[in-house]
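Please read the following account alongside the sequence and the coordinates, moving from the chain as a whole to a few individual residues.

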Amino acid sequence: MVFLDTFVLTQSGFSLSPKPFFSNFGAIVTFAILGTFIASVVTGVLVYLGGLVYLTYRLPFVECLMFGALISATDPVTVLSIFQELGTDMNLYALVFGESVLNDAMAISLYRTMSLVRSHASSGENFFMVIVRFLETFVGSMSAGIGVGFTSALLFKYAGLDIDNLQNLECCLFVLFPYFSYMLAEGLGLSGIVSILFTGMVMKHYTFSNLSENSQRFVSAFFHLISSLAETFVFIYMGFDIAMEKHSWSHVGFIFFSIIFIGVARAVNVFSCAYLVNLSRPSHRQIPVKHQKALWYSGLRGAMAFALALQSVHDLPEGHGQTIFTATTAIVVLTVLLIGGSTGTMLEALQVVGDESTLGESFDGNNGYVAPSYDDDEEGSSGNRIKMKLKEFHKSAASFTALDRNYLTPFFTSQNGDEAEEFDEPMSSSTRPGGGFHGHG
């Protein structure tokens, strides 16, 4: 089941539009990495405390953290479709979409780390080794994916496969490269599904422009089709599972309180991370409260949480795994129905429908990105060391964009940076939900 989600994640990475993603890169990374970690820990701790006071089914602490990790994987496919249909602020869209994509990778890495900790509990690993294991899984998988993506870009740039009689080979190689990344990461004992996400992102940004026009059209349609089929199959399987599989419905309190705990954890995640992001931004570019509320509301659960919960049935003792699986299935169904069905009303109530682009860095017609400016007075008056560090991190997004435009794009593609940005414009519009892409978390 997790393997099916590799198709969805490949399309997710492949469909990230570079401009809004990199212009909000610092905020997206904060929400996806730090925010998911916060949400996982808060959920796990609350579920464990709920068991101690007999509000919920009692699980060991590590298993509570595993549940917190898998249930923190968001999948706002319905919300993103409605965002696009109603004309929401593009930076809010980029934040929700970018966070949901990277959030999957983070949730998988956390789940695998907690699973390893549980299996090696008798060895008495300390907290430091847990952090090392997580970094090994996440950073190693990300590096493997990025490395395979850059390798594919150089291959398609210099191999000369964009001639008519080799286009079938060109398409086949392009489609197979993400799965080479998956197998490489799994062979190294890392997370193949995290690796394949970053391979998709790199291949879309660099390798895709090295393909012939016919191959570009084919692979875009292919990845969209296979992603839609995989996600549809997961939800069909979920429906059959609810009707036919054995579920542990005796612990209804676990389901009810888990929903409350998830809402609390999501609020802690969104509002604390938004506070940190706003510390690094000038007042006219901060994330408004109404967008923070929209981010909180859009955290519904979907295919990835269901797939990891299905895996937990095999990883945990029978009663524990079955309870987590039943709770996750109920949470996914309820959030998709309730949150997905009320998103339009929520957007209208928060008055974010039809917003113009007011967040994030501004775009320039020629260079695609204008670095944010910070007033000397503002920096001097802050006197806050943490705030200064956050500003430096935020500025690094501008540095990376300049590095990408001036060095990476010319090296890995047959175009210069300006040509690549002009090329990305029509492609980005065609991959949004309104134009044939339906988003994923």
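**A walk through the predicted model**

With a relative accessibility of 4%, Arg266 counts as buried, and this residue makes a useful point of entry into what is a predicted model. Arg266 forms a salt bridge with Glu99, in which the closest N and O atoms are 2.8 Å apart. Because Arg266 lies in helix α11 (residues 252–279) and Glu99 in helix α6, the pair ties together parts that are 167 residues apart in sequence. Glu99 is buried as well, its relative accessible area being 3%, under the 20% limit that defines the term.

Before the other charged pairs are taken up, the chain as a whole deserves a look. Its secondary structure comes to 17 helices and zero strands. Of the 441 residues in the chain, 53% are buried, while the area that the chain exposes is about 18,500 Å², with carbon and sulfur atoms supplying 64% of it. When the contacts with a separation of 6 or more are considered, 82% of them are accounted for by residues 24 or more positions apart.

How much confidence does the predictor attach to the chain, in terms of mean pLDDT? The mean pLDDT of the chain is 77, and 75% of its residues reach 70 or more. Over residues 356–383, however, the pLDDT is below 50, although this stretch has 68 contacts in the model beyond near neighbours in sequence. Residues 419–441 also have a pLDDT that stays under 50, and for them the model has 61 contacts beyond four places in sequence. Where pLDDT is low, the predicted coordinates should not be read in detail.

The salt bridges can now be followed further. How many of them does a search of the whole structure find? The search finds three, one of which is the pair of Arg266 and Glu99 already described. Another is formed by Glu63 with Arg118, the closest N and O atoms being 3.3 Å apart. Since Glu63 lies in helix α4 and Arg118 in helix α6 (residues 90–119), this pair ties together parts that are 55 residues apart in sequence. Are Glu63 and Arg118 buried or exposed? Glu63 counts as buried because its relative accessibility is 4%, whereas Arg118, at 28% relative accessibility, counts as partly exposed.

There is also a salt bridge between Arg112 and Glu186, where the closest N and O atoms are 3.8 Å apart. Here the pair links distant parts of the chain, Arg112 being in helix α6 and Glu186 in helix α8 (residues 167–187), at 74 residues apart. Arg112 counts as partly exposed, with a relative accessibility of 28%, and Glu186 likewise counts as partly exposed, with 34%.

From charged pairs we turn to cysteines. A search of the whole structure finds zero disulfides. A disulfide is a covalent bond between the sulfur atoms of two cysteines. Two of the cysteines may be noted for their surroundings: Cys64 counts as buried, its relative accessibility being 0%, and Cys273 is buried with a relative accessible area of 0%.

Another buried position is Ser215, which lies in helix α10 (residues 213–244) and counts as buried at 1% relative accessibility. Which residues does Ser215 touch, leaving aside its neighbours within four places in sequence? With those neighbours set aside, Ser215 is in contact with Gln167, Glu170 and Cys171. Phe174 is 41 residues from Ser215 in sequence, and the C-alpha to C-alpha distance between them is 9.1 Å.

The last stop is at the surface. Leu49, Leu52, Val53 and Leu55 make a nonpolar surface patch of about 330 Å². Of these residues, Val53 lies in the loop between α3 (25–52) and α4 (61–71), and Val53 is exposed because its relative accessible area is 55%, where the term requires over 50%. The loop between α3 and α4 is also the place of Tyr54, a residue with a positive phi of about 65° although it is not a glycine. Tyr54 is exposed too, with a relative accessible area of 70%.

Note on methods: Residues numbered from 1 in each chain as written. Predicted model: local features only at pLDDT ≥ 70, side-chain atom pairs only at ≥ 80, totals over all residues. Heavy atoms only, no water. Patch = residues over 30% accessible without salt bridge, like charges linked within 9 Å, V, L, I, M, F, W, Y side chains within 5 Å. Areas by Shrake-Rupley, 256 points an atom, 1.4 Å probe, with all protein chains shown as cover. Salt bridge = Lys/Arg side-chain N within 4 Å of Asp/Glu carboxyl O. Helix = DSSP H or I, 4+ residues; strand = E, 2+ residues; numbered from the N terminus. Buried < 20%, exposed > 50% of the residue type's maximum accessible area, 1.4 Å probe, protein only. Contact = heavy atoms within 4.5 Å. pLDDT = per-residue confidence, 0-100. Disulfide = S-S within 2.5 Å.
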